[in-house]
Amino acid sequence: MVAMAASDLSRLIAAAADTIAAHADELTALDQAIGDGDHGLNMKRGFEAVRAEADTFAVKPLPEALKAIGTKLVMTVGGASGPLFGTLFMALGKEISAEPDRAGLTAAFGKAIEAVAARGKSQTGQKTMLDVLQPVHEALAEGKTAAEIVAVADRAAQATVPMKALRGRASFLGERSIGHMDAGARSTALLVRAVAETIERHA
Ligand code: ADP
Ligand code: MG
């Protein structure tokens, strides 16, 4: 992987914000079923705030850009997911080099997921965003293609449907959380698709 040009990061931000905006109603509906129905709006507010400052972020070295994006997400997304997505990007920025190869990206992503789990006092299997992040990390480590990684993320989000929520608001429902996709797992899969397809298209 060569150095990430400012235009690449701008494209990634636009793709992420576009997909969240396009699916905000769906994310809200998922969160209405087993949460409080704010996930779509939370994510849209956060990613539009990042989009609004994309030019500022895009000229920074990749680690600084990711840290700044994470900070912005913490400040703007809100809910439980804001600090968690914020942690993901901030930790990624802390761990990644300015010009990461795939191994470097994979290692940094793994550390960032650990930071999310520590922050959320959560682990995989509890019907959260971690249930998509973890399999995506494995797919990255296994050398899977962008298309395969997207498929892994989509399947992983689907796989949260039969799970019982053990973290977040959905856990208050106990058994009644079974049968619905976790909203944060879905938004994570959407972001994975946006990033993977954008990188693939401009590789
Ligand atoms: P809130 O639950 O405060 O309304 P959101 O609706 O924006 O916040 O986000 C809910 C999502 O956050 C869930 O679908 C889940 O994926 C994720 N989440 C909540 N709590 C945790 C946690 N402790 N660890 C990991 N992810 C979590
Ligand atoms: Mg919610």
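## A walk through two pockets, a magnesium site and some helices

Let's start with the second largest pocket, which has a volume of about 470 Å³. Lining this pocket are 25 residues, and the ones closest to its centre are Ala80, Ser81, Gly168, Arg169 and Asp182. Keep in mind as you look around that this is a predicted model.

Which parts of the chain build the wall here? Helix 2 (24–34), helix 3, helix 6 and helix 10 each give two or more residues to the lining of the second largest pocket. Helix 2 provides the largest share of that lining, with three residues. Sort the lining by class and you get eight nonpolar, ten polar and seven charged residues.

Now move over to the largest pocket, which holds about 1,200 Å³ of space. It has 41 lining residues, and Leu12, Leu105, Val195, Ala196 and Ile199 are the closest to its centre. Quite a list of helices gives two or more residues each to this lining: helix 1 (6–22), helix 3 (39–52), helix 5 (62–76), helix 6 (81–95), helix 7 (102–120), helix 8 (130–141), helix 9 (146–158) and helix 10 (183–201). The largest share comes from helix 10, which supplies eight residues. As for chemistry, the lining of the largest pocket has 32 nonpolar residues, along with four polar and five charged ones.

Next stop: the metal. The magnesium ion (ligand 2) is coordinated by three residues, Asp31, Asp36 and Asp38, each through an OD atom, at 2.0 to 2.2 Å. Where do these donors sit along the chain? Their spacing in sequence reads D-x4-D-x1-D. Is Asp31 buried or exposed? Asp31 has a relative accessible area of 12%, and anything under 20% is called buried, so Asp31 counts as buried. Asp38, on the other hand, comes out at 25% relative accessibility, so this residue counts as partly exposed.

Time to follow some helices, beginning with helix 1. This helix has 17 residues and reaches 24 Å from its first C-alpha to its last, close to the 24 Å expected at 1.5 Å a residue. Its buried residues are Leu9, Leu12, Ile13, Ala15, Ala16, Ala17, Thr19 and Ile20. You've already met one of them, since Leu12 is among the residues closest to the centre of the largest pocket. What covers the buried residues of helix 1? The cover includes helix 2, helix 3, helix 4 (54–58), helix 5 and helix 10.

Ser10 also lies in helix 1. Its relative accessible area is 26%, so Ser10 is partly exposed. Measure along the chain and Ser10 is 43 residues from Glu53, yet in space their C-alpha atoms are 9.8 Å apart.

Helix 8 is next. With twelve residues, helix 8 reaches 16 Å from first C-alpha to last, close to the 16 Å expected at 1.5 Å a residue. Which of its residues are buried? They are Leu130, Asp131, Val132, Leu133, Val136, His137, Ala139 and Leu140. Helix 6, helix 7, helix 9 and helix 10 are included in what covers them. After helix 8 comes Gly143, whose phi is positive, near 80°.

You can zoom in on how helix 7 meets this part of the chain by finding Thr106, which is in helix 7. With a relative accessible area of 9%, Thr106 is buried. If you skip residues up to four places away in sequence, Thr106 touches His137, Leu140 and Ala141. Two of these contacts, His137 and Leu140, are themselves buried residues of helix 8.

Then look at the loop between helix 7 and helix 8, where you'll find Ser122. Ser122 is buried too, with a relative accessible area of 13%. Leaving aside neighbours within four places in sequence, Ser122 is in contact with Val116, Ala117, Leu130 and Arg167. Leu130 is another name you've seen, as one of the buried residues of helix 8.

Our last stop is Ala146, in helix 9. Ala146 has 17% relative accessibility, so it counts as buried. Not counting neighbours within four places in sequence, Ala146 is in contact with Ala196 and Glu200. Thr198 is 52 residues away from Ala146 along the chain, and their C-alpha atoms are separated by 9.7 Å. That brings us back to the largest pocket, because Ala196 is among the residues closest to its centre.

How values were computed:
Residues numbered from 1 in each chain as written. Chains lettered and ligands numbered in written order. Predicted model: local features only at pLDDT ≥ 70, side-chain atom pairs only at ≥ 80, totals over all residues. Heavy atoms only, no water. 1 Å grid on protein atoms, 1.4 Å probe; cavity = no way out; pocket = protein on both sides within 12 Å on 5 of 7 lines; lining within 4 Å. Points joined across faces, edges and corners; volume = space filled by probe spheres on them. Helix = DSSP H or I, 4+ residues; strand = E, 2+ residues; numbered from the N terminus. Nonpolar A, V, L, I, M, F, W, Y, C, P; charged D, E, K, R; others polar. Donors = N, O, S within 2.8 Å, 3.2 Å for Na, K, Ca; no water. Buried < 20%, exposed > 50% of the residue type's maximum accessible area, 1.4 Å probe, protein only. Expected span 1.5 Å × (residues − 1). Contact = heavy atoms within 4.5 Å.
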